[in-house]
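Work through the exercises below with the model open beside you. Try each task before reading its solution.

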Amino acid sequence: MVISPAEDASLRFAPRLIPPRGGVPSPVLVVAAMVSIQLGAVIAKHLFTLASPVTVACGRIMLAGVFAVLLWRPSPRLERRALLPVAGLGVAIAGMNLCFYAALDRIPLGMAVTIDFIGPLAVAMIGSRRTRDALWVTLAGAGVLLLVDSEGPVSWSGVLFAAAAGAGWGAYITCSAVVGRHTAGHDGLALAMGLGGLLAVPVVVANDAVALTDPVFLAAAAALAVLSSLLPHAIEMAALRRITPAVFGVMMSLEPVVAAGVGLLLLGEQMRAAQWSGIGLVVVACVGVARGSRADAVGDRAYAEMAVSSAVDKTT
């Protein structure tokens with residue numbers, strides 16, 4: 001069998017832990033990343049009794065950056081066109097986590113997650129070239145709205161933090177796709193996570209430097225860094241090498257489903273009938289976009305990567 005230069009490059013750039021062909025399906029990778037993040041959220045919820053949400057977020061980002069650099073030992077030599085996406089990914093990782101944890105400190109979780117979800121939905125809408133995809137995204141958005149628990153006080157600063165986290169999430173998806181295209185292995189991701197860790201240092205020092213001397217906090221933050229940052233970011237990078245950012249954005253609508261399952265099993269959090277209906281709509285939307293994109297996934301991927309890469313190349 002003859003392998004084209006493009007296929008050879010994709011095989012060389014694919015992470016060794018995830019086979020590029022004939023391995024784990026991309027939707028399974030995305031769900032695995034979600035499960036890892038939600039298991040980390042269980043730890044984070046308990047950590048809030050030891051430190052503020054911002055301190056917890058910074059501790060997670062810092063340790064994740066240290067682990068990524070030590071584990072993957074990235075080469076500092078990158079293509080010129082990869083520098084801006086790597087920097088953007090690092091800023092997105094730090095920004096979306098800090099803003100989301102700040103939002104959780106001000107508004108209810110359901111509202112924060114719903115506003116945060118604007119990011120992936122926007123990526124799915126912008127990257128789509130099919131009318132039916134807009135319908136699936138609309139259905140997913142309606143399902144997420146049914147999951148909202150609007151009880152409790154509403155803070156406009158919390159809403160703004162959640163919106164900023166959503167913008168960071170959208171930037172993370174887009175930058176991850178470009179970084180995966182222009183870097184080999186985990187080099188780009190490790191450098192981006194290291195940069196995100198550096199950006200978090202002054203914030204945690206100014207907010208609660210004493211927490212960094214607590215061994216219990218550090219141990220829990222280390223576990224949180226692996227579950228909520230290191231592992232899911234690596235899995236998502238592998239998935240974004242195989243699917244378009246648009247399809248990935250819609251698949252991320254499964255996040256509330258995974259969160260609800262983990263909350264029910266590990267935290268005993270019950271849900272109302274309307275919320276379960278919302279989960280059903282989200283699942284239908286994800287199945288619809290996955291089936292609809294299967295026939296022309298290769299064409300869509302090439303189109304999306306060319307569009308994003310062209311925009312990046314023009315600025316480098």
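## Exercise 1: The nonpolar patch

Helix α12 gives the most to the nonpolar patch, with three residues. Helices here are DSSP runs of H or I with at least four residues, strands are runs of E with at least two, and both are numbered from the N terminus. This is a predicted model: local features need pLDDT of at least 70, side-chain atom pairs count only at pLDDT 80 or more, and totals for chains, interfaces and linings use all residues. Residues are numbered from 1 along each chain as its sequence is written, and side-chain values use heavy atoms, with hydrogens and water left out.

Task: list the residues that make the nonpolar surface patch and name the elements that give two or more residues to it.

Solution.
- Step 1. Set the rule. Patch residues have over 30% relative accessible area and no salt bridge; like charges are joined within 9 Å, and nonpolar side chains (Val, Leu, Ile, Met, Phe, Trp, Tyr) within 5 Å. A salt bridge is a side-chain nitrogen of Lys or Arg within 4 Å of a carboxyl oxygen of Asp or Glu. Areas come from the Shrake-Rupley method with a 1.4 Å probe; for residues, only the protein chains shown count as cover.
- Step 2. List the members. Val 35, Leu 39, Leu 264, Leu 265, Leu 266, Leu 267 and Trp 276 make a patch of about 610 Å².
- Step 3. Assign the elements. Two or more residues come from each of α2 (26–47) and α12 (255–266).
- Step 4. Check one member. Leu 264 is in helix α12. Its relative accessibility is 33%, so Leu 264 counts as partly exposed. The classes are buried (under 20% relative accessible area), exposed (over 50%) and partly exposed (in between), with a 1.4 Å probe and protein chains only.

## Exercise 2: Helix pairs

Task: classify the α2–α12, α2–α10 and α3–α4 pairs by angle.

Solution.
- Step 1. Recall the description. Two packed helices are described by the angle between their axes and the distance between the axes. Axes are lines fitted to C-alpha atoms, for helices over the stretch in contact; angles run from 0 to 180 degrees between N-to-C directions.
- Step 2. Set the classes. Angles under 35 degrees are roughly parallel, over 145 roughly antiparallel, 65 to 115 roughly perpendicular, and the rest oblique. A crossing is left-handed if the near helix is turned anticlockwise from the far one by less than a right angle, and right-handed if clockwise.
- Step 3. Take α2 and α12. Their axes come within 9 Å and cross at roughly 45 degrees. That makes α2 oblique to α12. The crossing of α2 and α12 is right-handed.
- Step 4. Take α2 and α10. Their axes come within 8 Å, and the crossing angle is roughly 165 degrees. So α2 and α10 are roughly antiparallel. Here α2 passes α10 in a left-handed crossing.
- Step 5. Take α3 and α4. The axes are 8 Å apart, and the packing angle is about 155 degrees. Therefore α3 and α4 are roughly antiparallel to each other. Their crossing is right-handed.

## Exercise 3: The loop between α3 and α4

Task: is Arg 73 buried or exposed, and what is the sign of its phi?

Solution.
- Step 1. Locate the residue. Arg 73 sits in the loop between α3 (53–72) and α4 (80–104).
- Step 2. Read the accessibility. Arg 73 has 67% relative accessibility, so Arg 73 counts as exposed.
- Step 3. Read the backbone. Phi of Arg 73 is near 45 degrees, a positive value in a residue other than glycine. Most residues other than glycine have a negative phi.
- Step 4. Turn to Glu 79, which is in the loop between α3 and α4. Glu 79 is partly exposed because its relative accessible area is 38%. Its C-alpha atom is 7.1 Å from that of His 182, 103 residues away along the chain.

## Exercise 4: Contacts across the sequence

Task: how far apart in space are the C-alpha atoms of Val 204 and Thr 55, and of Ala 238 and His 186?

Solution.
- Step 1. Start with Val 204, in helix α9. At 0% relative accessibility, Val 204 is buried. Val 204 and Thr 55 are 149 residues apart in sequence, yet 5.5 Å apart C-alpha to C-alpha.
- Step 2. Go on to Ala 238, in helix α10 (residues 215–240). Its relative accessibility is 2%, so Ala 238 counts as buried. C-alpha to C-alpha, Ala 238 and His 186 are 9.4 Å apart, with their positions 52 residues apart in sequence.
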